[in-house]
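This report examines selected local features of a single protein chain. The model under discussion is a predicted one.

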Amino acid sequence: MSKAVPGKTASFGELAKEVFRAFAYGGTPPGTRRPRVGLALAGGFARGIAHIGVLRVFREAAIPIDVVSGTSVGALIAAGYCAGTPLEAMEELARETKFSDFGRWMPSWLGLATNNRLEQYLARLTPVQKFEDLQKPLAIAATDINEGLSVYYHSGPIVPALRASCAYPGLFVPIQHEGRTLVDGFLTALVPIEGVLLLGAELVIAVYLESKTIESPRTFTDVLSRSFTIIQKHADLEWRQHADVIIEPDVSPYAWDDFTKTMELVRAGEEAALRALSAIRAAIEAKRIVTGK
């Protein structure tokens, strides 16, 4: 329950919201506080639109999100969310999105395209340019291709970190930033759990977008994507051990680059998040922290 403010009278609507939230979380026992909740969003290119549906359910169900981390498209969605961009505006932009909005074909020895247009694309989501100006703390995961390690960015300019996190190997040219050669974060941070832990999360909700499409690959990028997916399936997915709740929207019917299925992808995210609500609330209650006050 929020504290009363001298000289102000709460409206019936405000009181109703407080009652609903207290009911949803079982009240706030004296001398305790809820855990700091972190949300880790995986990559998935167009399939990442499902994250919008997850966030919408969280908003309607009053699920608190304190810090966010993202890999690849998860970083893009997270940046808009942490900047305060309305989810409806994010969905509308997703409907209009096409590859040329952020990628430009420029074949070279290091990649087939550049993603420098991501700067303009992010500007369509939010005017915020620095991590420090976001409404919620955000960490963006990228991979140092020389060291083979995850690198998390949570301060300074957002665009270089975002471009690096979205630089899919073989498709996009790597990004040079702060003395590192960076590519897509999914290589080392498939689901960026470490990012929210770095920001102080005490409870972690992970959203994973697994591809299960079995139709034959159509293009070079399909072959590349399937190859990385196979590697990940056989890898030790340690991130699962550190997540308190895992949400897995069914995005398997949708191609990695099909932005025309925005409504279906948002719905897939909503359905998966709705199924996870009881588990999330139970986890929040189970991790309540005694303050002694």
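The text below treats one helix and two loop residues in turn.

**Helix α5.** Helix α5 spans residues 118-125, and within this helix Leu118, Tyr121, Leu122 and Leu125 are buried. Viewed down the axis of α5, the buried residues fall within an arc of 100°, so they line one face of the helix. An α-helix has 3.6 residues a turn, so residues three or four places apart point the same way. The cover over the buried residues of α5 includes three further helices, namely α3 (73-83), α4 (87-96) and α6 (158-165).

**Gly84.** The loop between α3 and α4 holds Gly84. The relative accessibility of Gly84 is 39%, and this residue therefore counts as partly exposed, the class between under 20% (buried) and over 50% (exposed). Although Gly84 and Gln135 are separated by 51 residues in sequence, their C-alpha atoms are 6.4 Å apart in space.

**Asp66.** The loop between α2 (50-60) and β3 (67-71) contains Asp66. The polar contacts made by the side chain of Asp66 include the two tabulated here.

| Group on Asp66 | Partner | Distance |
|---|---|---|
| Asp66 side chain | Arg34 side chain | 2.7 Å |
| Asp66 side chain | Val37 backbone nitrogen | 2.7 Å |

Both partners, Arg34 and Val37, also appear among the residues in contact with Asp66 when its neighbours within four places in sequence are left aside. That set further includes Pro35 and Arg36, together with Lys136 and Pro137.

Note on methods: Residues numbered from 1 in each chain as written. Predicted model: local features only at pLDDT ≥ 70, side-chain atom pairs only at ≥ 80, totals over all residues. Heavy atoms only, no water. Buried < 20%, exposed > 50% of the residue type's maximum accessible area, 1.4 Å probe, protein only. Helix = DSSP H or I, 4+ residues; strand = E, 2+ residues; numbered from the N terminus. Arc of directions from axis to C-beta. Contact = heavy atoms within 4.5 Å. Polar contact = N/O pair within 3.5 Å; in protein donor to acceptor, adjacent residues only side chain to side chain.
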